[in-house]
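Let's walk through this one piece by piece, starting with the sheet and ending with the pocket. Keep the viewer open as you read.

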Amino acid sequence: IHLQRIETGATGSGVPDVNGCAKGQEFWVELKVIKSNKINLRPHQMMWNYKHSLCGGRSFIMAKAPSQSLLYIFSGSLAPSIAEQGTRTEPKWTFNLAESPWMQVQKVLLHSPLPKPQPIT
């Protein structure tokens, strides 16, 4: 996988932290730290992920609590729900980092079926 960290200071608000590509499949990942089951998505981040999903793009929110060895991955199409419900949002993929889940994480990023974005109410 080719991964590129994106510094968005002057390039555009809401663009995710990492762009990745492998075997012609491109994806974006927003990296977050979980605090009290909350995932703080700024409005621009939420809308970027939601709109990208509406166009068929692959984007994800990847989050971890500092006190846990669990990694949560959510489809970017769920960004409005993630901003509101945090880790209670379903569906999600959960991995125990102590088990070195990197091959499974790669499968999620490249091949997992993603839920369609729901209308924002």
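## The sheet

A quick definition before we start: two strands count as paired if DSSP finds at least two bridges between them. Keep in mind, too, that this is a predicted model.

With that in hand, the sheet is an open one of 6 strands, running in the order β1-β2-β3-β4-β5-β6 with mixed pairing. At the edges stand β1 (2–5) and β6 (93–96); each has a single partner strand, so one side of each is left without a neighbour in the sheet. From one strand to the next, the twist averages 25 degrees.

Zooming in on one pairing, β3 (25–33) runs parallel to β4 (residues 59–64), and the two share 6 bridges. One residue to click on here is W28, whose bridge partner in β4 is S59.

## Aromatic pairs

There are 3 aromatic pairs in the structure. One of them is W28 with W48, an edge-to-face arrangement with 5.4 Å centre to centre and 65 degrees between the planes. W28 belongs to strand β3 and W48 to helix α1 (residues 43–54), so this pair ties together parts that are 20 residues apart in sequence.

How buried or exposed are the two partners, W28 and W48? W28 has 16% relative accessibility and counts as buried, because the cut-off for that label is under 20%. W48 comes out at 21%, so that one counts as partly exposed.

Y72 and F74 make a pair as well: their ring centres are 6.4 Å apart and their planes sit at 20 degrees, so the pair is stacked. The cut-offs behind that call are centres within 6.5 Å and planes under 30 degrees apart. Both Y72 and F74 are buried.

## The largest pocket

Now for the empty space. The largest pocket holds about 180 Å³. Its lining is made up of I1, L3, V18, F27, V29, L31, M62, W102, V105, Q106 and L109. Two elements give two or more residues to that lining, namely β3 and α3 (102–111). Of the elements, α3 gives the most, with 4 residues.

What classes of residue make up the lining of the largest pocket? By class there are 10 nonpolar residues, 1 polar residue and no charged ones.

## Pulling it together

Strand β3 is a good place to start if you want to trace these features in the viewer. This strand pairs with β4, carries W28 of the edge-to-face pair and gives residues to the lining of the largest pocket.

Methods: Residues are numbered from 1 along each chain as its sequence is written. This is a predicted model: local features need pLDDT of at least 70, side-chain atom pairs count only at pLDDT 80 or more; totals for chains, interfaces and linings use all residues. Side-chain values use heavy atoms; hydrogens and water are left out. On a 1 Å grid over the protein atoms alone, a cavity is a set of points where a 1.4 Å probe fits but cannot get out, and a pocket is an open set with protein on both sides within 12 Å along at least five of seven lines; lining residues have an atom within 4 Å of a point. Grid points are joined across faces, edges and corners, and a volume is the space filled by probe spheres set on the points. Ala, Val, Leu, Ile, Met, Phe, Trp, Tyr, Cys and Pro count as nonpolar, Asp, Glu, Lys and Arg as charged, and the others, Gly among them, as polar. Rings of Phe, Tyr and Trp (its six-membered ring) pair if their centres lie within 6.5 Å; planes under 30 degrees apart count as stacked, over 60 as edge-to-face and the rest as tilted. Buried means under 20% relative accessible area, exposed over 50%, partly exposed in between (1.4 Å probe, protein chains only). Axes are lines fitted to C-alpha atoms, for helices over the stretch in contact, and angles run from 0 to 180 degrees between N-to-C directions.
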